[in-house]
Structures are given as C-alpha cells and as structure tokens.
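Reader: I'm new to reading protein structures and get lost quickly. Could you pick one part of this one and take me through it closely, with the terms spelled out as you go?

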Amino acid sequence: MRLERMSILSIQSFVSHGYVGNAAATFGLQQLGWEPWPVHTVHFSSHPGYPGWKGSVTGPDRMNELLQGLRDSSVLGPLRAILSGYMGDLDTAEAALSHIRELRHETPGLVYQCDPVLGDRGQMYVAKELLAFFRDQALPLADVIVPNASELEILSQREVGTWDEAVEAAKALQALGPEV
C-alpha cells in the first residue's frame, strides 16, 4: 500500500546564507513528513537585515509561471496547505495572492498560513506598500497568521509591550479574518 504524501505550497524567500523563508521551511516540512513545494519570492545572499545583502525579487511574470506550472503538474500529491512569507515587492505579492485565492476556491479545506513579513525591531525589510497589502488583502484570506511582535504592532496599529497588549492586538488582527 502506497501512502500519499500531503503537500504544502511554500511561497517565501530564499537566502543563500542563513535560515529564513524556504531556506528554513523546506527541510523542516520534509522531516515532518510533508511534501513541500517551495516557490521563492526572492533569492538573496542573506536576510535583508544584514548589511551588504544582494539579490533579486522574483517578478510577477515569473511568479505566475512557477505557480501555474505547479498547478498544471499531474505528478504532485494533494495540496493541503499554503504558507506565505516574505514577498519582495507588491507586484510579486499580488501575483502570488491571486493563485492562493484560486487554489482556496478550488480546494475545499485548504489551509492558508500567512507570515506577514514586514520587519523586526523597528526596522522595515519591505516597501511600505506591502503593509497595506498584508493588512487589506492577505490577512483577510488567511486562516492562520504568524506575525512577530513588531509586525503585530504595525498591522494592528497598537502598542505591544505587555502580554495583554499583545492579546488585544492579536484580536484586532483576527477581526480582519484569520481564525488563528
């Protein structure tokens, strides 16, 4: 009897040095028995928080091509979840979210986890237009969101200095749509 591996589409960054985005997620998902389908939103030398990083964003045309290629493939197992993270730029983010919307519509029970990667400790890693993208488009579509403390503050427009403040900020984001 052949057991079918369940698949997760992981639309995130890739860095040559360090462990963030798909550089971190792919191996972990494999070790948990999942079949990850990593689609890289960027290919950077390192996390953009490091000085001197270099690299490029996967443009929207390439993003559409890669995601459509996965969707058209007949050799992949059933898709169970989508993870998204660092997007690189607004056009790439919108291209990815268009496919996520379609996949959610086509696949009942598909779980979407959104990591609204904006920045950390007061430093933004993305263009400001991605703030509105995550708040107004991605978070309402997501089942699960996993912001860090800085992103929680930015997206909820609330200070998060205590546990109670964090809970209130999380409730404000849940009001946008995500269950968890």
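**The sheet and its surroundings**

Author: Let's start away from the middle: K171 lies in helix 6. A helix here is a DSSP run of H or I with at least four residues, a strand is a run of E with at least two, and both are numbered from the N terminus. K171 counts as partly exposed because its relative accessibility is 48%. For that scale, buried means under 20% relative accessible area, exposed means over 50%, and partly exposed is in between, using a 1.4 Å probe and protein chains only. The C-alpha atom of K171 is 28 Å from that of A95, with the two positions 76 residues apart along the chain.

Before going further, a word on what you're looking at. This is a predicted model, so local features need pLDDT of at least 70 and side-chain atom pairs count only at pLDDT 80 or more, while totals for chains, interfaces and linings use all residues. Residues are numbered from 1 along each chain as its sequence is written, and side-chain values use heavy atoms, leaving out hydrogens and water.

Now the sheet itself. It's an open one, with six strands in the order 3-2-1-4-5-8 and mixed pairing. Two strands pair if DSSP finds at least two bridges between them. At the edges stand strand 3 (55-57) and strand 8 (144-145); each has a single partner strand, so one side of each has no neighbour in the sheet. Strands pair through backbone hydrogen bonds, and they can do so parallel or antiparallel.

You can find both kinds here. Strand 2 (residues 35-46) and strand 3 run antiparallel and are joined by three bridges; H43 has S56 in strand 3 as its bridge partner. Strand 1 and strand 4 run parallel, with five bridges between them, and I11 is partnered with S84 in strand 4. Strand 4 also pairs with strand 5 in the parallel sense, over four bridges, where I82 stands opposite Y112 in strand 5.

What's packed against all this? Helix 1 (residues 22-31) touches strand 1 (7-17), strand 2 and strand 4 (79-84), and its direction makes about 135° with that of strand 1. Contact means heavy atoms within 4.5 Å. Angles run from 0 to 180 degrees between N-to-C directions, with axes being lines fitted to C-alpha atoms, for helices over the stretch in contact. Within helix 1, N22, A23, A25, T26 and L29 are buried, and their cover includes strand 1, strand 2 and strand 4. After helix 1 comes G33, with a positive phi near 95°.

Helix 3 lies across strand 1, strand 2, strand 3, strand 4 and strand 5 (111-114), at about 160° to strand 4. Strand 4 is largely enclosed by the rest of the structure, because five of its six residues are buried. Strand 5 has two faces: Y112 and C114 are on the covered one, V111 and Q113 on the uncovered one.

Those covered residues turn up again in the largest nonpolar core. It has 40 residues, and L9, I11, I82, Y112, C114 and F134 touch the most other members. Its largest share, six residues, comes from helix 3 (residues 90-106). A second, separate core has five residues, including I8, L29, A81 and L83. A nonpolar core, by the way, is a set of buried Ala, Val, Leu, Ile, Met, Phe, Trp, Tyr and Cys residues joined through side-chain atoms within 4.5 Å. Beyond its neighbours within four places in sequence, C114 is in contact with residues including S84, F134, A138 and V146.

One last stop is V15, which lies in strand 1. V15 counts as buried because its relative accessibility is 3%. Not counting residues up to four places away in sequence, V15 touches V20, A23, F44, S45, S46 and H47. V15 and T162 are 33 Å apart in space, C-alpha to C-alpha, and 147 residues apart in sequence.
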